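Subject: Structure for you to look through

Hello,

Here is the structure I said I would pass on. Please open it beside this message and follow along.

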Amino acid sequence: MGRTDNGAQLGYVGVSERVVSLAHRMLAGAGRANVVAYRLEGQPTLPCLAHGFMPDGRLVMAAAPHPDAVALTPVGRTVDVRVDIAKFAPDPSVRIVAASAHFLAGLEWLTPGETDELLTAGELPDLVAAVADTASGRLAIVSTSRVVVHEGSGATPLSLDQVWAFGRELGASVDAVDTEAVALDTAVSADPFDLAGMCDAAENGWIPAHLLTRKPSGGGCAHTRNRDFVVDVDHTGVTVLREGSTATSVYFVPFDRPTSSARDLADNLSTLLGIPAAA
């Protein structure tokens, strides 16, 4: 089923804003990244790395590669890679892929001296800096122009400039709230009846909501049937999955006012679920 909405035009944002927000958060460090050097013999991979944006908009990645993957991290050279980032729902009781991002890129692996300069300047994301500063750490500048985001509403190609501009426009509000921590707190703290009530309201058009996808229920585990799950929380709204006995639906419920601070996010979540976010 394609994109539909239940009075969603009344919400503060739509599906397109949500997708750009997802892309920005995934590229800024959220999610699990995997890199494949598709042009090298054997297509070596780096399954675990840290990534994020520098203040000037450059995308960086750091890895402490296994000896078998040394060919993927030659100092002073650029390697052509495919990057896949998977973002999972915050609920620890289930494994739901909330979204994924994919792009082709060139990784320019920096020399130890160049890495030290960036570490000293303090411009690297915290996790990237921590990995790059280990004895076997390697740091790379990522060169790409486009990313494709896959989520409930389909596949959306975005330019890297567009994604970076989104984060730059939000400015300090991006750093003011750790949305991944808020999402986890929301997933474990939401009262099942309140969450079900919001899903009922979205399903029946009582509140602005976008139906991202609906498909027949099949497979899965018995303990997930007839349950509702928080799939994602960010500055734009809440994404939920309703696992019914016959159909599985994913809804995006946009906030009805902008979010630019921890207090704003707490108020928006309280409006929908009665959950205060830690400020």
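Below is what was found in it, going from the whole chain to single residues.

Please keep in mind that this is a predicted model.

**The whole protein**

The protein has 279 residues, and buried residues make up 50% of them. Its secondary structure consists of 8 helices and 14 strands. About 13,000 Å² of the protein is exposed, and carbon and sulfur atoms supply 52% of that area. Among contacts with a separation of 6 or more, 68% are between residues 24 or more positions apart.

**The nonpolar cores**

The largest nonpolar core holds 47 residues. Which of its residues touch the most other members? They are Leu27, Val35, Val81 and Phe103. If you select Leu27 and ignore its neighbours within four places in sequence, you will find it in contact with His51, Gly52, Phe53, Leu59, Ile85, Phe103, Val147, Leu160 and Val163. There is also a second, separate core of 19 residues, which includes Ala202, Leu211, Val238 and Leu265.

**Strand β5 and its partners**

Strand β5 covers residues 59-63. Because 5 of its 5 residues are buried, β5 is largely enclosed by the rest of the structure. In a regular strand, side chains alternate between the two faces of the sheet. In β5, Leu59, Met61 and Ala63 are on one side, Val60 and Ala62 are on the other, and all of these are buried. Both faces of the strand are therefore covered.

β5 pairs with β4 in the antiparallel sense, over 4 bridges. Here Ala50 stands opposite Ala62 of β5. The two strands form a hairpin with 5 residues between them, and in this hairpin Gly57 takes a positive phi near 95°.

β5 also pairs with β8, again antiparallel, over 5 bridges. The bridge partner of Val60 in β8 is Ile141. β8 is joined in turn to strand β7 (residues 97-109) by 4 bridges, and these two strands run antiparallel. In that pairing Glu108 stands opposite Ile141. Ile141 is thus a useful residue to click on: it is the bridge partner of Val60, and Glu108 stands opposite it.

**Arg58, in the hairpin loop**

Arg58 is in the loop between β4 and β5. Is it buried, exposed or partly exposed? Its relative accessibility is 36%, so it counts as partly exposed. Not counting residues up to four places away in sequence, Arg58 touches Gly52, Phe53, Leu118 and Ile141. Arg58 and Leu124 are 66 residues apart in sequence, with their C-alpha atoms 9.9 Å apart in space.

**Rings**

A pair of aromatic rings is described by the distance between the centres and the angle between the planes. The count of aromatic pairs comes to 1. The pair is Phe53 with Trp164: their ring centres are 5.2 Å apart and their planes are at 45°, so the pair is tilted. Phe53 lies in strand β4 (residues 50-53) and Trp164 in helix α4 (residues 160-170), so the pair ties together parts that are 111 residues apart in sequence. Both residues are buried: the relative accessibility is 11% for Phe53 and 19% for Trp164. The value for Trp164 still counts as buried because the cut-off is under 20%.

One ring also has a charge over it. The charged end of Arg18 sits over the ring of Phe252, 5.6 Å from its centre.

**Two more loop residues**

Gln43 is in the loop between β2 (32-36) and β3 (45-46). It is not a glycine, yet it has a positive phi of about 45°. With a relative accessible area of 44%, Gln43 is partly exposed.

Ala135 is in the loop between α3 (126-132) and β8 (138-143). At a relative accessible area of 87%, Ala135 is exposed. Where does it stand relative to Ala64? The two residues are 71 apart in sequence and 8.3 Å apart in space, C-alpha to C-alpha.

**Where to start**

I would start with β5, where 5 of 5 residues are buried, and then go on to the ring pair of Phe53 and Trp164.

Regards

Definitions and conventions: Residues numbered from 1 in each chain as written. Predicted model: local features only at pLDDT ≥ 70, side-chain atom pairs only at ≥ 80, totals over all residues. Heavy atoms only, no water. Buried < 20%, exposed > 50% of the residue type's maximum accessible area, 1.4 Å probe, protein only. Phe/Tyr/Trp six-rings, centres within 6.5 Å; stacked < 30°, edge-to-face > 60°. Lys NZ or Arg CZ within 6 Å of the ring centre and 35° of its normal. Core = buried A, V, L, I, M, F, W, Y, C linked by side-chain atoms within 4.5 Å. Contact = heavy atoms within 4.5 Å. Pairing = 2+ DSSP bridges. Areas by Shrake-Rupley, 256 points an atom, 1.4 Å probe, with all protein chains shown as cover.
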